Amino acid sequence: MAAVQRITTRNARFQQWQSLLTNRNKRQRAGEFLVQGVRPITLAVEHGWPLRAVLYDSGRVLSRWARDLLGSTRAECIAMAPELLAELGEKEQAAPEVVAVVEMPEDDLDRITVDHGFLGVLFDRPTSPGNLGSIIRSADAFGADGLIVTGHAADVYDPKCVRAGTGSLFALPTVRVPSQREVVAWLDGKRAQGHPVAVVGMDEHGEADVFDFDLTRPVLLLVGNETSGLSAAWRELCDHTVSIPMTGSASSLNAANAATAVLYEAARQRIAAGRAMG
């Protein structure tokens, strides 16, 4: 571990990190965001995300996990007053043991691998960071290859999204793009390389029930905005639309729950197909 620095006052560095919690533009300019929790930080390290700094509670005896992290990282290590670390951890009482300052990757669609078994998710203009984080978590859990976030949307690196994802952000390539134009060009390129990706929109009036639709093919699943659903532009780009059969009084599910249901069905079909072939 490099020489330890200490921060005990709300100096300029502390204020810069504090701004990463609420200011998307400052996160983007700095190219970094804050992460807390054993699992998220461990996954960030395991998946090769560069840590720029590790901030730890100067007022407690650290766990073995924290000591190992501090001993193995090349990042700057900073002992911080507990009350300051609690602010960065957005906790009113106890401070988190460690907060990591993590470097953002480039928003490059080629971070997402497309092959004959491709399963991708696109979330158009999400408004809720919590919903976005939940979809990242579900996509990771059910074997998706990546997630694309389009339009003016909740930020992938918002603390609420990072927490809701419980570390899956670091395992699942997640890319932000301004509009459908970039996605269409990317898909055209992949199709030209021999990967016939079907664009499948989720819609309560879909042409087929999701249980009756073949999700074992290469698929990009489209999830619409929580309030207005799929935009007209995305509807035009869909090759197919699917709906989730429901029997209760609810007419629809929220975006995260609906995406989870369809991702689960995709995983079920793919597991069944693999067993049948085996």
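Let us start with one residue: Ser168 sits in helix 8, which spans residues 168–171. The structure shown here is a predicted model. Is Ser168 buried or exposed? Ser168 has a relative accessible area of 4%, so it counts as buried. Setting aside residues up to four places away in sequence, Ser168 touches Ile136, Arg137 and Asp140.

Just ahead of this helix comes Thr166, in the loop between helix 7 (159–164) and helix 8. Its phi angle is near 45°, a positive value in a residue other than glycine. Arg125 is another such case, with phi near 50°. Arg125 belongs to the loop between strand 6 (119–124) and helix 6 (129–141).

## Two domains

Stepping back, the protein chain is divided into domain 1 (5–103) and domain 2 (109–277). Taken over C-alpha atoms, the centres of the two domains are 31 Å apart. Domain 1 puts 15 residues into the contact, and domain 2 puts in 15 residues.

## The nonpolar core

In soluble globular proteins, nonpolar side chains tend to be buried together. Here, the largest nonpolar core holds 56 residues, and Phe33 and Leu132 touch the most other members. Which helix gives the most to this core? That is helix 11 (residues 255–277), with 7 residues. The core also reaches into both parts of the chain, drawing at least three residues from each of domain 1 and domain 2.

Leu132 is a good place to look around. Not counting residues up to four places away in sequence, Leu132 touches Phe123, Pro126, Leu147, Val149, Ala154, Asp155, Val156 and Cys161.

## A cavity

How many cavities of 30 Å³ or more are there? The count comes to 1. About 30 Å³ of space lies in the largest cavity. Its lining is made by Leu119, Leu215, Val219, Leu221, Val262 and Ala266. Strand 11 (219–223) and helix 11 are the elements that give two or more residues to this lining.

## Arg217 and its surroundings

Arg217 lies in the loop between strand 10 (208–209) and strand 11. Along the chain, Arg217 and Val197 are 20 residues apart, yet their C-alpha atoms are separated by 7.6 Å. Leaving aside neighbours within four places in sequence, Arg217 is in contact with Phe118, Ala198, His240 and Arg270.

## Cysteines and accessibility

The count of disulfides in this model is 0. Two of the cysteines, Cys77 and Cys238, appear in the table below, together with residues met earlier.

| Residue | Relative accessible area | Class |
|---|---|---|
| Cys77 | 1% | buried |
| Ser168 | 4% | buried |
| Cys238 | 14% | buried |
| Thr166 | 24% | partly exposed |
| Arg125 | 25% | partly exposed |
| Arg217 | 28% | partly exposed |

Why do Cys238 and Thr166 fall into different classes? Buried means under 20% relative accessible area, and exposed means over 50%, with partly exposed in between. Cys238, at 14%, is therefore buried. Thr166, at 24%, lies between the two cut-offs and so counts as partly exposed. The value for Arg217 is 28%, so this loop residue is partly exposed by the same rule. For Arg125, the value of 25% leads to partly exposed as well.

Note on methods: Residues numbered from 1 in each chain as written. Predicted model: local features only at pLDDT ≥ 70, side-chain atom pairs only at ≥ 80, totals over all residues. Heavy atoms only, no water. Core = buried A, V, L, I, M, F, W, Y, C linked by side-chain atoms within 4.5 Å. Buried < 20%, exposed > 50% of the residue type's maximum accessible area, 1.4 Å probe, protein only. Helix = DSSP H or I, 4+ residues; strand = E, 2+ residues; numbered from the N terminus. Domains from an automatic or database assignment. Contact = heavy atoms within 4.5 Å. Disulfide = S-S within 2.5 Å. 1 Å grid on protein atoms, 1.4 Å probe; cavity = no way out; pocket = protein on both sides within 12 Å on 5 of 7 lines; lining within 4 Å. Points joined across faces, edges and corners; volume = space filled by probe spheres on them.
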